[in-house]
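Trainee: Before accepting the terms used for a model, I should like to see each one set against its definition. May we proceed in that manner?

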Amino acid sequence: MTSPSTGESFTTAIERLDRALNRLDTSVRSLSGRLRTSSQLQADSQRLAGDLDRANARAERLDQAAETVSRRIEEAMTSVRSVLEEGDARG
């Protein structure tokens, strides 16, 4: 069967349509894979952001603990010096 306006046979038109549908299917599959990859990357990014927030909070707590320990060591050293000076003064 041939179309009078284009001279293209029905079979040729069907074949062209079939090829176009195959290309569309390939494109859709490719897009679907990219969307899955994008979703995975977004989930990883969110997870890493949470990990970073927790690590930063832990680092802040460690800094505060280090300051406390440093202050207590300084207080202890001052107390020991005071005791030693008292002993030297008596002695």
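Mentor: The following exchange takes up the fold, the exposure and the salt bridges in turn. This is a predicted model, in which local features need pLDDT of at least 70 and side-chain atom pairs count only at pLDDT 80 or more, while totals for chains, interfaces and linings use all residues. Residues are numbered from 1 along each chain as its sequence is written, and side-chain values use heavy atoms, with hydrogens and water left out.

Trainee: How many helices and strands does the protein chain have?

Mentor: The protein chain has one helix and zero strands. Helices (H or I, at least four residues) and strands (E, at least two) are DSSP runs, numbered from the N terminus.

Trainee: How does the radius of gyration of the protein chain stand against that of a compact globule?

Mentor: The protein chain has 38 Å, whereas a compact globule of 91 residues would have a value near 12 Å. The radius is taken over C-alpha atoms, and the globule rule is 2.2 Å times the number of residues to the power 0.38. Along its principal axes, the C-alpha trace spans about 125 × 15 × 10 Å.

Trainee: What share of the residues is buried?

Mentor: Buried residues make up 1% of the 91 residues. The term means under 20% relative accessible area, with exposed over 50% and partly exposed in between (1.4 Å probe, protein chains only).

Trainee: What makes the contact of arginine 29 with aspartate 25 a salt bridge?

Mentor: The definition asks for a side-chain nitrogen of Lys or Arg within 4 Å of a carboxyl oxygen of Asp or Glu. The closest N and O atoms of arginine 29 and aspartate 25 are 2.9 Å apart, so the pair qualifies. The two residues are four residues apart in helix α1 (residues 10-90), and are therefore separated by about one helical turn.

Trainee: Why is arginine 29 called exposed, and what is aspartate 25 called?

Mentor: Arginine 29 has 59% relative accessibility and therefore counts as exposed. Aspartate 25, with a relative accessible area of 36%, is partly exposed.

Trainee: Which other salt bridges can be set against the definition?

Mentor: Arginine 47 and aspartate 51 meet in one at 3.5 Å, N to O. Arginine 71 forms another with glutamate 75, the closest N and O atoms being 3.6 Å apart. Arginine 71 and glutamate 75 lie four residues apart in helix α1, about one turn of the helix. Salt bridges that share partners also join Arg47, Asp51 and Arg54 into one network. The structure holds four salt bridges.
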